[in-house]
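This report is meant for a reader who is meeting the structure for the first time. Please keep the sequence and the model in view while reading.

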Amino acid sequence: MSMLPRTRPKRPWFPWVRAGITVAVLGGGAWALMELGTRYLGLQKLTIEQVNVSGCRGERQAEIQALAEKLVLGKPLFWVDAEELRARIEAKRWVRNLQIRKDPPDRLSLVVEERRPVLWLVRSNGVFLVSDDGILLDRVNQANLSPIPVVVDPASQTDQGLARLVSAARTLREKQAGFYDRVTELRWSPKGPVAYIEGLPAPIFLSRQDVTKNVPNFQGLFVDRLSQRPDLARLRYIDLRWDEEVAVGEPEDAPAPAKTPR
């Protein structure tokens, strides 16, 4: 009498169990080796015992230091949740970017990139710093007091107007830093951005397409001629939107406005 062949029942869960046992054995072996090395060979555990913060100073550095130490001290250096730390730090308005570096055996290094303010924004509830990417930062105080252009005109504080002024200020700072440092106020008008500088009450109309247009020409003209004029305070405007020339709005009793060639 023939017997039916015997087959093993399928166990779809068996490979997962075997993989789990393998991982547990390897993990336990690694832990045991680390404990032996720490206890008998004088090796240091790879846990975070110090946090080094750079890229910012003062209260901001202390703030990041305290936050990071609360989250990571005593945790394994190579298994710490770096993304949670990054999210918590980059959630602060003044932080643009964060670099995290793991330095064995026990140090975590953080390099913070701060947002740089380009404008003061004056509102009824206070004066605020605005960053070069349009983020509203801290209130202006003695710690962050710096001579940068101010936006006071309420009509210039619409979302669109303020975004355009931030772009203009950023471009001036990058390409015409000497002129940017002299600007005390920026406004947005139907003609485009308008700048005011110290020592010249007249508005300076800047090009909407290229905010740096004719700025070097104006700088030379102001030093050589305009600053010497006894009627400087009576000039009506300076217009830099023309090609290759600076238009000067003469006082009301003058014969006609003049265009000064480059």
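The sections below go from the overall fold to strands, a pocket, salt bridges and single residues.

## Overall picture

The model is predicted. The protein has 262 residues, of which 37% count as buried. Its secondary structure consists of six helices and 13 strands.

Contacts between parts of the chain that lie far apart in sequence make up a good part of the picture. Among contacts with a separation of 6 or more, 46% are between residues 24 or more positions apart.

## Strand β4 and its partners

Strand β4 covers residues 117-123, and strand β5 covers residues 126-131. The two pair in the antiparallel sense, over six bridges. They form a hairpin, with two residues between the strands. Within this pairing, Leu 121 of β4 stands opposite Phe 128 in β5.

β4 also pairs with strand β7, which covers residues 150-151. In this case the sense is parallel, and there are two bridges. Here Trp 120 stands opposite Val 150 in β7. In a regular strand, side chains alternate between the two faces of the sheet.

## The largest pocket

How much volume does the largest pocket have? The value is about 610 Å³. The pocket is lined by 20 residues, and those closest to its centre are Arg 60, Glu 114, Leu 129, Ala 143 and Asn 144. Two elements give two or more residues to the lining, namely α2 (58-72) and β6 (136-139). The largest share comes from α2, with four residues.

By class, nine residues of the lining are charged, seven are nonpolar and four are polar.

## Salt bridges between distant parts of the chain

Side chains of opposite charge can pair when their charged atoms come close. In this protein the count comes to 17 salt bridges.

One of them joins Arg 60 and Asp 138, with the closest N and O atoms 2.5 Å apart. The pair links helix α2, which holds Arg 60, to strand β6, which holds Asp 138, across 78 residues of the chain. Arg 60 counts as buried because its relative accessible area is 18%, which is under 20%. Asp 138, with a relative accessible area of 30%, is partly exposed.

Another salt bridge is formed by Glu 250 and Arg 229, at 2.6 Å from N to O. Glu 250 is in the loop between β12 (245-249) and β13 (258-261), while Arg 229 is in the loop between α6 (215-224) and β11 (237-239). The two residues are 21 residues apart. Glu 250 has a relative accessible area of 13% and is therefore buried, whereas Arg 229, at 23%, is partly exposed.

## Asp 132 and a network of charges

Where is Asp 132 found? Asp 132 is in the loop between β5 and β6. Its relative accessible area is 9%, so Asp 132 is buried. Not counting residues up to four places away in sequence, Asp 132 touches Arg 96, Arg 116, Val 118, Val 166, Arg 170 and Arg 173.

With Arg 173, Asp 132 forms a salt bridge whose closest N and O atoms are 2.9 Å apart. Arg 173 belongs to helix α4 (residues 159-175), and the two partners are 41 residues apart along the chain. Both Asp 132 and Arg 173 are buried. They also take part in a network of salt bridges that links Arg 96, Glu 113, Arg 115, Asp 132, Asp 133 and Arg 173.

## Phe 205 in strand β10

Phe 205 is placed in strand β10, which covers residues 200-205. Is Phe 205 buried or exposed? Its relative accessibility is 13%, so Phe 205 counts as buried.

Leaving aside neighbours within four places in sequence, the contacts of Phe 205 on the earlier side of the chain are Ser 189, Lys 191, Pro 193 and Val 194. On the later side, Phe 205 is in contact with Tyr 237, Ile 238, Asp 239, Leu 240 and Arg 241. Phe 205 and Arg 241 are 36 residues apart along the chain, and their C-alpha atoms are separated by 6.9 Å.

Notes:
Residues are numbered from 1 along each chain as its sequence is written. This is a predicted model: local features need pLDDT of at least 70, side-chain atom pairs count only at pLDDT 80 or more; totals for chains, interfaces and linings use all residues. Side-chain values use heavy atoms; hydrogens and water are left out. Buried means under 20% relative accessible area, exposed over 50%, partly exposed in between (1.4 Å probe, protein chains only). Contact means heavy atoms within 4.5 Å. Two strands pair if DSSP finds at least two bridges between them. On a 1 Å grid over the protein atoms alone, a cavity is a set of points where a 1.4 Å probe fits but cannot get out, and a pocket is an open set with protein on both sides within 12 Å along at least five of seven lines; lining residues have an atom within 4 Å of a point. Grid points are joined across faces, edges and corners, and a volume is the space filled by probe spheres set on the points. Ala, Val, Leu, Ile, Met, Phe, Trp, Tyr, Cys and Pro count as nonpolar, Asp, Glu, Lys and Arg as charged, and the others, Gly among them, as polar. A salt bridge is a side-chain nitrogen of Lys or Arg within 4 Å of a carboxyl oxygen of Asp or Glu.
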